[in-house]
Amino acid sequence: MKIALAGAGAFGIKHLDGLRLIDGVEVISLIGRELAKTQDVAEKYGIEHVTTDLAETLAIDEVDAVILCTPTQMHASQAIQCLDAGKHVQVEIPLCDSVADGRAVVARQRETGLVAMCGHTRRFNPSHQWIHRRIADGEFDIQQMDVQTYFFRRTNTNALGQPRSWTDHLLWHHAAHTVDLFAYQTGSPIVTANAIQGPIHPELGIAMDMSIQLKAGDGAICTLSLSFNNDGPFGTFFRYIGDTGTYIARYDDLVTGNDEPIDVSGVDVSMNGIELQDREFVAAIREAREPNSSVAQVLPCYEVLDRLEQQLNA
């Protein structure tokens, strides 16, 4: 399978590392905003074709699929551009920054029948997979999720500390992870959603702190706290409070409420959520099926984000 990757930044490199581990997959084109930096990454990964123009790559017949790790504001339009070119597409989270754009991607996927997937990595992390299987087996029922998403992002920098050409967003990016995961884990639609936010940053133009409350149709609740002002520790930390136990997920680690470690190393073929996400994308294309985290499956998340944005704007 011949894959092209757009976006040679921090997350693009994570995908390149994951794709290296999947049999029968080759990245043959790399698209980036700055040609010299993109060429440096391409040389490291043995990618021959380098460009700053996605359309140039989409014109290559050998390209079967595209992974988009570009700025949020480009995700929906570029996903549609890939589908229009007859290419399967995986777009990194978030799918969109407006619900209308998200719906347009889903509509185009249905028209083309191609695989279109969004990188909601939490569905694939082994720690959350372990919880999901317990729920599916009837051994655990979520009563509450308490989630903290904390970073220190007072400037436009990526996960590697490099300058960004675009502005990240607590609601449309970071909240999307938890809003989708909550509905996915409970297996129930979100029926109530409330949000408040702190002051708008004078230069970045975004709220740096936010609090969100969710309720699922089955009665489970979720409290999500987000901040770009938090000076460590960084990351997202999930507390699952259920009828038969409490579990805390910190990236790849899972412990009980009493801090007893749970071995999740055998849950899947890897502990790398990005690699597992890419494996699902490749498998769905090969098997001609809908992937977990398809654009249609995650659209309800963005409909909730739209409702929350309307609250915040009001």
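Rings of Phe, Tyr and Trp, the last by its six-membered ring, pair if their centres lie within 6.5 Å. The exercises below use a predicted model.

**Exercise 1.** Find which residues ring pairs link into a cluster.

*Solution.* The structure holds 3 aromatic pairs. Ring pairs join Trp130, Phe140 and Tyr247 into a cluster.

**Exercise 2.** Classify the pair of phenylalanine 140 and tyrosine 247, and place both residues in the chain.

*Solution.* Start with the geometry. The ring centres of phenylalanine 140 and tyrosine 247 are 5.2 Å apart, with the planes at 75°. Planes over 60 degrees apart count as edge-to-face, so this pair is edge-to-face. Next, location. Phenylalanine 140 sits in the loop between helix H6 and strand E7, and tyrosine 247 in strand E12, so the pair ties together parts 107 residues apart in sequence. Last, burial. Phenylalanine 140 is buried, at 2% relative accessible area. Tyrosine 247 counts as buried at 7%.

**Exercise 3.** Do the same for tryptophan 172 and tyrosine 302.

*Solution.* The ring centres are 6.4 Å apart and the planes lie at 10°, so the pair is stacked. Tryptophan 172 is in helix H7 and tyrosine 302 in helix H9, 130 residues apart. Both tryptophan 172 and tyrosine 302 are buried.

**Exercise 4.** Describe how H5 packs on H9.

*Solution.* Take the angle: about 165°, with the axes 9 Å apart. Angles over 145 degrees count as roughly antiparallel, so H5 and H9 are roughly antiparallel. The crossing is left-handed. Contact residues include Arg103 and Val106 of H5, and Leu299 and Tyr302 of H9. By class, the contact has 7 nonpolar, 2 polar and 4 charged residues.

Technical notes:
Residues numbered from 1 in each chain as written. Predicted model: local features only at pLDDT ≥ 70, side-chain atom pairs only at ≥ 80, totals over all residues. Heavy atoms only, no water. Axes fitted to C-alpha atoms, helices over the stretch in contact; angles between N-to-C directions. Helix = DSSP H or I, 4+ residues; strand = E, 2+ residues; numbered from the N terminus. Parallel < 35°, antiparallel > 145°, perpendicular 65-115°, else oblique. Left-handed = near helix turned anticlockwise from the far one by under 90°. Contact = heavy atoms within 4.5 Å. Nonpolar A, V, L, I, M, F, W, Y, C, P; charged D, E, K, R; others polar. Phe/Tyr/Trp six-rings, centres within 6.5 Å; stacked < 30°, edge-to-face > 60°. Buried < 20%, exposed > 50% of the residue type's maximum accessible area, 1.4 Å probe, protein only.
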